[in-house]
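Me: Pick one part of this protein and walk me through it up close, please. Keep it relaxed, but give me the cut-offs as you go.

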Amino acid sequence: MNPQSNQESSVLFDQPGPHGRKMIRIFNAIAAFLIICLIAWVLMRLHNPPGGEDQLSWDLWKPALDYEAWADFYLPGLWMTLKASIVAIIGSIVFGVVFGIGRLVPSRLVRGISAVIVEFFRAVPELLLMVFFWRWFAFAGISSPSYWAVVGGLVLYNGSVVAELVRSGVGNLPHGQREAAEALGLSPMQSLMTVEVPQALYAMLPAMITQLVVVLKDTALGSIIMYTDLLQESRRLGAMYFNILQTLVIAGIIYFVLDWLLSRLAERMPRLMQRRTWGNTVAEPTAPIAIMDATNANQIAAAHEPMPFGGAERQFPDHYHGSNATTDHWQHAHYNHGHDLQHPEVHARNWDEPLRDFARPFQTKPKRRDGGAGHTTHTDSANGPQGDSRSA
């Protein structure tokens, strides 16, 4: 069995053997056959229902798919659904963040009040909230009572869920976050607002996007209180042409596409978030903090370097010996800094001889041809082979 299969295997059970894989293939074939038979039976009943009209007829599907159906029913209903969803999502996030933080503050009174509010609206059904708000807003004379009733019910229920996401997100942070913040002098409230909650909000984005799918689907409950959303408009279109099945199928496909897009975004969000921390970074050189600190070696060596032309400062130091020096790809860095004799700017400088003298120890010296002391031949990348009469 290949390693890929081992990595993708479930930890709940062992990999099946040859007999187990054979039985799985048999059960899959039987299940596929039963599903095909069920689909065929449903299509046959739709084509020839007992005492009814052929539901597969194009005369029933055409009014549900033509231009007038989309322009007058589906798109206006979809806009009302998105309109209620967007407002409800914003309100849910605000409600959830406020009461989620309220359940984490040091004050017991605030924590208790926030817990009662969150738990109450999580327990009450959304439809009951919508009906209550609908009757209340209608008697109060508020315009568009059904719209605000849908938004209010969605905000209270889904905001309570978001509040629990905030609370659980802070609770799932790595240990030591608050202790580290308090060690820096922050109060518990400052640690909560500036250290813990921002991390929790960032970590809970995938779960929040998944909750948006629930908000979008639950707007369909507004059709019960006469809110003209996508479901209500589809029912109206079906009542006009007596093709309620066809219009509801189209509405279901629209809901599926929207929810599928949000679900794919929720699945991709963790991978997009992890890309921000996958980079292999190299720490920047730190400034000296003590005269005897080892990190001062680079700065002290640069300070003792002779300046070219008697006073101009070098753009880059010639030494890379400190503990904070970058060791990765040092040859590439040596070339970029102009200390490699192959660098084109070396030939254009008037003070390239000291650079050659500095770079010469880093070059590979050929073996001595005479086998001992005496004449030594070395290679100068600028002027070619030269003789050196210095004695060993």
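Reply: **Helix α11 and the loops**

S144 counts as partly exposed because its relative accessible area is 43%, where buried means under 20%, exposed over 50%, and partly exposed in between (1.4 Å probe, protein chains only). Before going on, the small print: this is a predicted model, where local features need pLDDT of at least 70 and side-chain atom pairs count only at pLDDT 80 or more, while totals for chains, interfaces and linings use all residues. Residues are numbered from 1 along each chain as its sequence is written, and side-chain values use heavy atoms, with hydrogens and water left out.

Back to S144, which sits in the loop between α6 (126-140) and α7 (145-171). Its phi is positive, near 55 degrees, and S144 isn't a glycine. As a rule, most residues other than glycine have a negative phi.

Now for α11. The protein has 16 helices and two strands; these are DSSP runs numbered from the N terminus, helices being H or I over at least four residues and strands E over at least two. Helix α11 covers residues 230-241, twelve in number, and stretches 17 Å from first C-alpha to last, close to the expected 16 Å. That expected span is 1.5 Å times one less than the number of residues. Tucked away as buried in α11 are L230, Q232, E233, S234, L237 and G238.

What comes right after α11? That's F242, in the loop between α11 and α12 (244-274). Like the serine we started with, F242 has a positive phi, near 55 degrees, without being glycine. F242 counts as exposed because its relative accessible area is 70%.

On the other side, S223 lies in the loop between α10 (205-218) and α11. Is S223 buried or exposed? S223 counts as buried, because its relative accessibility is 5%. A polar atom of the S223 side chain lies 2.8 Å from the backbone oxygen of A220. Skipping neighbours within four places in sequence, S223 is in contact (heavy atoms within 4.5 Å) with D229, L231, Q232 and R235. Of those partners, Q232 is also among the buried residues of α11.

For the wider backdrop, 31% of the 392 residues count as buried. Among contacts between residues at least 6 apart in sequence, 59% join residues at least 24 apart.

Conventions: A polar contact is a pair of N or O atoms within 3.5 Å; within protein, one must be able to donate a hydrogen and the other to accept it, and residues adjacent in sequence count only if both atoms are side-chain atoms.
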